[in-house]
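Colleague: I've got this one open and would like a close look at a single part, not a tour. Pick a helix, tell me what packs on it and what its charged side chains pair with, then follow the threads outward.

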Amino acid sequence: MKLDDTYFMKLALKEAEKAEIQDEVPVGAIVVVDQRVIARAHNLTEKLNDVTAHAEMQAITSAANFLNGKYLVGCTLYVTLEPCVMCAGALIWSQLDRLVYACKDSKRGFQQAAIKLHPKTKITSGVMEADSKKMLQDFFLKKRK
């Protein structure tokens with residue numbers, strides 16, 4: 001059975017839920033190669049007191065360790081929010097095959113900054129967008145109360 005983007009994005013959303021439980025911005029990411037999840041991560045910036053501890057950065061590091069190499073050729077990153085400029089830089093260097101994200105980040109997303117990923121990286125957006133957007137909006141509504 002071939003698993004699709006929605007299946008893997010649901011796993012990324014589960015990671016985002018873990019972040020929310022820890023009072024982190026609810027962003028989750030997973031890395032997949034050959035239909036197999038090799039890395040799972042969520043935001044850890046508050047817990048680690050580290051502005052670079054975004055879900056994508058954690059997932060890239062975990063996947064590279066799993067593969068015993070620095071490049072993620074043949075891999076797909078699923079993330080619940082469009083990566084920021086910092087994460088996009090890491091994705092460029094990782095030579096990822098595919099990036100799939102749920103919702104756009106109109107303020108800090110790499111696309112609004114006109115950054116291009118590695119030429120071989122294919123981008124798909126909008127997978128489970130409404131679910132991710134709702135989780136983020138609810139999180140920030142609670143923070144503002």
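Modeller: Here's a walk along helix 1, its partners and a few places beyond.

Ground rules before we start. This is a predicted model, so local features need pLDDT of at least 70 and side-chain atom pairs count only at pLDDT 80 or more, while totals for chains, interfaces and linings use all residues. Residues are numbered from 1 along each chain as its sequence is written, and side-chain values use heavy atoms, with hydrogens and water left out.

Helix 1 covers residues 5–21, 17 residues in all. Helices and strands here are DSSP runs numbered from the N terminus (H or I with at least four residues for a helix, E with at least two for a strand). From first C-alpha to last, helix 1 reaches 25 Å, close to the expected 24 Å; the expected span is 1.5 Å times one less than the number of residues.

Its buried residues are Asp 5, Phe 8, Met 9, Leu 11, Ala 12, Leu 13, Glu 15, Ala 16 and Ala 19. Buried means under 20% relative accessible area, exposed means over 50%, and partly exposed is what lies in between (1.4 Å probe, protein chains only). The cover over those residues includes five strands, namely strand 1 (28–33), strand 2 (36–42), strand 3 (75–81), strand 4 (98–103) and strand 5 (122–125), plus helix 5 (129–144). Contact means heavy atoms within 4.5 Å.

Now the charged pairs. The whole structure has six salt bridges, each being a side-chain nitrogen of Lys or Arg within 4 Å of a carboxyl oxygen of Asp or Glu. One of them joins Glu 20 to Lys 142, at 3.8 Å from N to O. That pair links distant parts of the chain, with Glu 20 in helix 1 and Lys 142 in helix 5, 122 residues apart. Glu 20 is partly exposed because its relative accessibility is 23%, whereas Lys 142, at 57%, is exposed.

Just past the end of helix 1 sits Asp 23, with a positive phi of about 60 degrees. Its side chain meets that of Lys 143 in another salt bridge, 2.8 Å from N to O. This is again a link between distant parts of the chain: Asp 23 is in the loop between helix 1 and strand 1, Lys 143 is in helix 5, and 120 residues separate them. Asp 23 has a relative accessible area of 43%, so it counts as partly exposed; Lys 143 is partly exposed too, at 43%.

Helix 5 also has a pair of its own: Lys 133 and Glu 129 form a salt bridge with their closest N and O atoms 3.7 Å apart. The two are four residues apart in that helix, so about one helical turn separates them. Lys 133 is partly exposed at 36%, and Glu 129 is partly exposed at 32%.

Next, the strands. Thr 76 lies in strand 3, part of the cover on helix 1. Thr 76 is buried because its relative accessibility is 11%. Leaving aside neighbours within four places in sequence, Thr 76 is in contact with Ile 30, Val 31, Val 32, Leu 96, Arg 98 and Val 100.

Leu 96 turns up again with Thr 121, which is in the loop between strand 4 and strand 5. A polar atom of the Thr 121 side chain lies 2.5 Å from the backbone oxygen of Leu 96. With residues up to four places away left out, Thr 121 touches Leu 96, Asp 97, Arg 98 and Leu 99. Thr 121 is buried, with a relative accessible area of 11%.

Finally, helix 3, which has 13 residues (55–67) and reaches 18 Å, close to the 18 Å expected. Its buried residues are Ala 55, Glu 56, Ala 59, Ile 60, Ala 63 and Ala 64. Seen down the axis, they fall within an arc of 155 degrees, so they line one face of helix 3; the arc is that of the directions from the helix axis to the C-beta atoms. Strand 1, strand 2, strand 3 and helix 4 (85–94) are among what covers them. After helix 3 comes Asn 68, with a positive phi near 60 degrees.

Notes. Polar contact = N/O pair within 3.5 Å; in protein donor to acceptor, adjacent residues only side chain to side chain.
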